[in-house]
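Here are my comments on the model, set out as numbered points. Please read them with the structure open.

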Amino acid sequence: MGVDVSLIDPVPSWIDCHAHLDALSDSELADVLAEASAAGVSAVCVAATDLASSEIVLRQCAAFPAVRGAVGIGPFPADPLPGDWEARLGSLLRGARVIALGEIGLDESNPKYPPISRQLPVFERQLEIARQADLPVILHSRGAEARVALLCREHGIRRAIFHCFTGDSASLEAILAGGYSVSFSGIVTFSRSLLERAAEVPIDRLFIETDSPFLSPVPFRGKINRPCRVAITGEAIAKARGIATEALQAAIADNFRRLFMEPSGT
Ligand SMILES: [Zn+2]
């Protein structure tokens with residue numbers, strides 16, 4: 001699938017690989033992107049969680065050159081999906097600057113979400129759709145990382161990011177062993193153990209994100225998050241790894257290009 005890479009800034013800059021901006025109007029989004037650009041953020045991947053937010057992601061991708069999009073159905077929607085959801089998702093995936101299927105996954109941590117027995121078929125079906133389209137997936141996984149990594153392997157998924165990784169070292173090991181990548185959010189600024197984990201991940205498997213509007217890093221913890229603050233998370237990880245900001249920016253930009261913009265070659 002051809003993706004336009006020309007607008008990704010060649011100057012070292014940050015990429016926010018996961019944000020939810022579908023609640024913003026176009027003029028609000030324009031302001032948020034200008035603020036991000038001023039903070040050294042050149043691109044934002046906006047993620048959907050259901051069909052309605054996927055439609056908005058598609059529109060935002062078309063309207064804003066700095067926006068890339070992931071469309072998909074997460075483990076959260078409690079309502080039954082419409083009968084034509086697969087066809088609708090298939091056409092959304094063909095939208096301009098849509099670079100991934102996501103966020104999709106399994107969540108065993110929240111009793112308000114549908115039971116795993118209902119999450120699983122929707123997740124597995126989307127893994128098949130991603131494999132057929134040769135698209136990477138953006139994964140949401142809470143308490144199920146090893147199982148999600150295994151399912152990805154079983155479905156022939158070669159490119160995946162576990163977004164907002166907060167798991168333990170065994171979970172990280174399962175993800176890396178599957179050949180997949182992890183993305184860290186602002187939580188690294190208030191969890192020392194997670195920051196240490198982010199400092200140890202192989203640099204070619206590392207991404208960062210805001211998960212806006214959630215998870216603002218310190219000193220904005222508890223406030224509404226915005227993509228500009230991915231720079232704070234990036235600075236914290238660069239410092240913990242003992243490398244220059246520009247080196248981490250370059251590595252993440254390289255990871256982004258490789259993971260999202262090159263077909264897996266199978
Ligand atoms: Zn998310």
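**Notes on the predicted model**

1. Asp134 has a relative accessible area of 25% and is therefore partly exposed, since that class lies between the buried cut-off of under 20% and the exposed cut-off of over 50%. This is a predicted model, and the remarks below should be read that way. Asp134 sits in the loop that links α4 (116–133) to β5. Its phi is positive, near 50°, and the residue is not a glycine.

2. Arg97 is another backbone point to check. Its phi is positive, about 65°, although Arg97 is not a glycine. The residue belongs to the loop between α3 (85–92) and β4.

3. Two cis peptide bonds deserve a look. One runs from Gly102 to Glu103, with omega near -5°. Glu103 is part of strand β4, and its OE atom is also a zinc donor. The other runs from Ser212 to Pro213, with omega near 5°. Pro213 lies in the loop between β8 and α8.

4. Now the metal. Which residues coordinate the zinc ion? They are His18 and His20, each through NE2, Glu103 through OE, and Asp211 through OD. The distances run from 2.1 to 2.8 Å. Along the sequence the donor residues follow the spacing H-x1-H-x82-E-x107-D.

5. The geometry of this site needs a comment. The four donor atoms subtend angles of 85 to 170° at the zinc ion, so the arrangement is irregular. A tetrahedral label would require all angles to lie between 85 and 135 degrees. For reference, the ideal angle for four tetrahedral donors is 109.5 degrees.

6. Are the two histidine donors buried or exposed? His18 has 0% relative accessibility and therefore counts as buried. His20 is buried as well, because its relative accessible area of 12% falls under the 20% cut-off.

7. The sheet can be described simply. It is open, has eight strands and pairs in parallel, in the order β1-β2-β3-β4-β5-β6-β7-β8. β1 (14–19) and β8 (206–208) are the edge strands, each pairing on one side only. Neighbouring strands are turned against each other by 25° on average, direction ignored. Helix α9 (residues 245–261) packs on this sheet. It touches β1, β3, β4, β5 (137–142), β6 (160–162), β7 (181–184) and β8, and its direction makes about 100° with that of β8.

8. Strand β3 (residues 67–71) is mostly covered, with five of its five residues buried. In a regular strand, side chains alternate between the two faces of the sheet. Here Val67, Gly69 and Val71 point one way, while Arg68 and Ala70 point the other way. Note that the buried set includes Arg68.

9. What flanks β3? Strand β2 (residues 41–47) pairs with it in the parallel sense over four bridges. Across that pairing, Val46 stands opposite Gly69. The chain goes from β2 to β3 by way of helix α2 (residues 51–63), in a right-handed β-α-β crossover. Strand β4 (residues 98–107) is also parallel to β3, joined by three bridges. There Ala70 has Ala100 as its bridge partner.

10. Strand β7 can be read in a similar manner. Ser181 and Ser183 point one way, Val182 and Phe184 the other way, and all are buried. β6 pairs with β7 in the parallel sense over two bridges, with Phe162 and Val182 as bridge partners. β6, helix α6 (residues 169–177) and β7 form a right-handed β-α-β unit.

11. Next comes the β8 side of β7. Three bridges join these parallel strands, and Ser183 is partnered by Phe207 in β8. The chain passes from β7 through helix α7 (residues 192–200) to β8, and the β-α-β crossover is again right-handed.

12. A last loop residue is Gly242, found between α8 (230–241) and α9. Its relative accessibility is 64%, so Gly242 counts as exposed. Its C-alpha atom is separated by 8.7 Å from that of Ala199, although the two residues are 43 residues apart along the chain.

Conventions
Residues are numbered from 1 along each chain as its sequence is written. This is a predicted model: local features need pLDDT of at least 70, side-chain atom pairs count only at pLDDT 80 or more; totals for chains, interfaces and linings use all residues. Side-chain values use heavy atoms; hydrogens and water are left out. Donors are N, O and S atoms within 2.8 Å of the metal (3.2 Å for Na, K and Ca); water is not among the atoms, so sites may look incomplete. Four donors count as tetrahedral if all angles lie between 85 and 135 degrees; four count as square planar and six as octahedral if opposite donors are over 155 degrees apart and all others between 65 and 115; anything else is irregular. Buried means under 20% relative accessible area, exposed over 50%, partly exposed in between (1.4 Å probe, protein chains only). Two strands pair if DSSP finds at least two bridges between them. A crossover is right-handed if, with the strands pointing away from the viewer, the path from the first strand over the helix to the second runs clockwise. Axes are lines fitted to C-alpha atoms, for helices over the stretch in contact, and angles run from 0 to 180 degrees between N-to-C directions. Contact means heavy atoms within 4.5 Å.
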